[in-house]
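Take a first look at the model below. Some short questions and answers come after it.

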Amino acid sequence: MLTRRRFLGTAAALAGISGCSSVLPEPDVAAPGFGTGATGTVKVWCRAATQTGLTSLVEKFNASQDRLRVELTPVLDAQYVTKLATAIRGRGVPDLVDIDDINSMLFIYRDAFTDLTEALQALDFRAKLSPGHLRLATRSGRAYGVPYLADNSMFWFNTELCDRADVDPDQAVTSYDELLAAARRLRKLGDDIYAWSFPANSPGALGFVVQPMVWAADTDLIRGEVGQQEGNIVGNDVVQRMLELHRQLWVDGLVPRANFSDDASRWGSDFRAGAVGIFPSNYSVVVSGSDEAFHAKVTPRLLSGPDGGSAFFDGGDNMCIPRGAENASGAWEFVRFALDLPQQSDLPAGGYTPVRSDVATPEFAKKFPLATLPLERIEEGYAPTTLSYNLLYNQPDGPWLQMFRRAVFDGELEAAMSEAQESYDRILAQGQA
């Protein structure tokens, strides 16, 4: 997680890469034979959070042939942006970066990645790729990256508790009122059963599961194109209703008191223990660390807005080739291997979701029944394209977490939104300067 001090250092590093990247040569992706029959070594960076998704992929690729070898370097997530910016400034870039998709635009905006538009269009499964990931790697109609793996947020319902409380998940997600009514019925099951759970002291995880409840109503907490963005908090009725819902969940005692200090270090332990009915989270948190008997008791639904609608956070990784890459052809060959159906179909085994909708075959659904929903509704995935995501949403003292906690726990909703509006406007202006 970025601290404010580290962010300022990162901003300074990023501010300096434009001039350097402009002199780094852009690989010729239109050259004959690009991405096929490459030789040598491909240096790949991945982030530590998704290292397991890359390690087995690299081993499989290296074992598949003997002319091209991939060398994988994991980088701590908190250091990734700064380290890559430093590498670009020092003109010593890797051949391929597997980057948090939310950070893609930081480098695209500064002309640091290779234009992959034509190479992407040549893929016969181009239309099947996650549009949410691609939006984060696209500027002025040109694509500077491709999706690799997805990390999506959804509602997870404990069907055993829902049956006992007479809660229908399909009805519950039709509005905030229905969700609240379902939560009240679930809470009546017993003192040790809670209706809902959210990590209220983890800015990143909280943003991951709550923001889509705003996007489902076709609005966002940010408005405008990158370069001219501002906050969209004050006067946004959907944001207000989202905060009111969570305030009511807290006031009515429908969520555990421990949610107040929940930093996501044990995220999902209460849900996996069968003590929570409705749990906004991701596939990995729900499935990892639980057995098949528990898996049979849960069912996912997309996150919903105040009057219906649906959305999910399109998190995960994009793969991008930095300008100046020495073996871009080998990098693209590895990318194509990563996107092949066998590799994509294996991703749920590591806790991730594929980025190709055509992975969702009957055979896949039988093997990974809890991983199919975001693939079947891949068009409803979204994540905001901005240069300031980390400072807005991943900082403990950032405006997102401060607004949520002041509104939900202190009940100062109007003041919280007003304060957040000012902070969003200031941070976005600084990031675009």
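The questions below start with the whole chain of this predicted model and then turn to single residues and one helix pair.

Q: How many helices and strands does the chain have?
A: This is a predicted model. Both kinds of element occur in the chain. The count is 23 helices and 14 strands.

Q: What radius of gyration does the chain have, and how does that agree with a compact globule?
A: The chain has 433 residues. A compact globule with that number of residues would have a radius near 22 Å. The chain agrees with this, because its own radius of gyration is 22 Å.

Q: What does the C-alpha trace span along its principal axes?
A: Three spans describe the trace, one for each axis. They are about 65 × 50 × 30 Å.

Q: What share of the residues in the chain is buried?
A: Buried here means under 20% relative accessible area. The share is taken over the 433 residues in the chain. Buried residues make up 58%.

Q: How much area does the chain expose, and what part of it do carbon and sulfur atoms supply?
A: The exposed area of the chain is about 17100 Å². Carbon and sulfur atoms supply part of that area. Their part is 47%.

Q: Which share of the contacts with a separation of 6 or more joins residues 24 or more positions apart?
A: Take the contacts in the chain with a separation of 6 or more. Those between residues 24 or more positions apart account for 78%.

Q: Is Leu-96 buried or exposed?
A: Leu-96 is found in strand E3, residues 96–100. Its relative accessible area is 1%. The cut-off for buried is under 20%, so Leu-96 is buried.

Q: Which residue of strand E13 is in contact with Leu-96, Val-97 and Asp-98?
A: Strand E13 covers residues 308–320. One residue in E13 has a contact list that includes Leu-96, Val-97 and Asp-98, along with Phe-334 and Val-335. At 1% relative accessibility, this residue counts as buried. The residue is Met-319.

Q: How far apart in space are Met-319 and Val-286?
A: In sequence, Met-319 and Val-286 are 33 residues apart. In space, C-alpha to C-alpha, they are 26 Å apart.

Q: What separates the C-alpha atoms of Asn-394 and Pro-203?
A: Asn-394 sits in the loop between helix H21 and H22. At 17% relative accessibility, Asn-394 counts as buried. Along the chain, Asn-394 and Pro-203 are 191 residues apart. Their C-alpha atoms are separated by 5.2 Å.

Q: What is the phi of Ser-140 near?
A: Most residues other than glycine have a negative phi. Ser-140 has a positive value. Ser-140 lies in the loop between strand E4 and strand E5, and counts as exposed at 72% relative accessibility. Phi of Ser-140 is near 50°.

Q: Where is Asp-166, and is it buried or exposed?
A: Asp-166 has a positive phi, near 60°. Its place is in the loop between helix H8 and helix H9. Its relative accessible area is 63%. The cut-off for exposed is over 50%, so Asp-166 is exposed.

Q: Is helix H22 roughly parallel or antiparallel to helix H23?
A: The axes of H22 (residues 399–409) and H23 (residues 413–432) come within 8 Å. They cross at roughly 175°. Angles over 145 degrees count as roughly antiparallel. Therefore H22 is, to H23, roughly antiparallel.

Q: How many nonpolar, polar and charged residues does the contact of H22 with H23 have?
A: On the H22 side, Trp-400 and Met-403 are among the residues that meet H23. On the H23 side, the residues include Leu-413, Tyr-424 and Ile-427. By class, the contact has 11 nonpolar, one polar and two charged residues.

Conventions. Residues are numbered from 1 along each chain as its sequence is written. This is a predicted model: local features need pLDDT of at least 70, side-chain atom pairs count only at pLDDT 80 or more; totals for chains, interfaces and linings use all residues. Side-chain values use heavy atoms; hydrogens and water are left out. Axes are lines fitted to C-alpha atoms, for helices over the stretch in contact, and angles run from 0 to 180 degrees between N-to-C directions. Helices (H or I, at least four residues) and strands (E, at least two) are DSSP runs, numbered from the N terminus. Angles under 35 degrees count as roughly parallel, over 145 as roughly antiparallel, 65 to 115 as roughly perpendicular and the rest as oblique. Contact means heavy atoms within 4.5 Å. Ala, Val, Leu, Ile, Met, Phe, Trp, Tyr, Cys and Pro count as nonpolar, Asp, Glu, Lys and Arg as charged, and the others, Gly among them, as polar. The radius of gyration is taken over C-alpha atoms; the globule rule is 2.2 Å times the number of residues to the power 0.38. Buried means under 20% relative accessible area, exposed over 50%, partly exposed in between (1.4 Å probe, protein chains only). Accessible areas come from the Shrake-Rupley method with a 1.4 Å probe; for residues, only the protein chains shown count as cover. Lists of a residue's contacts leave out its neighbours within four places in sequence.
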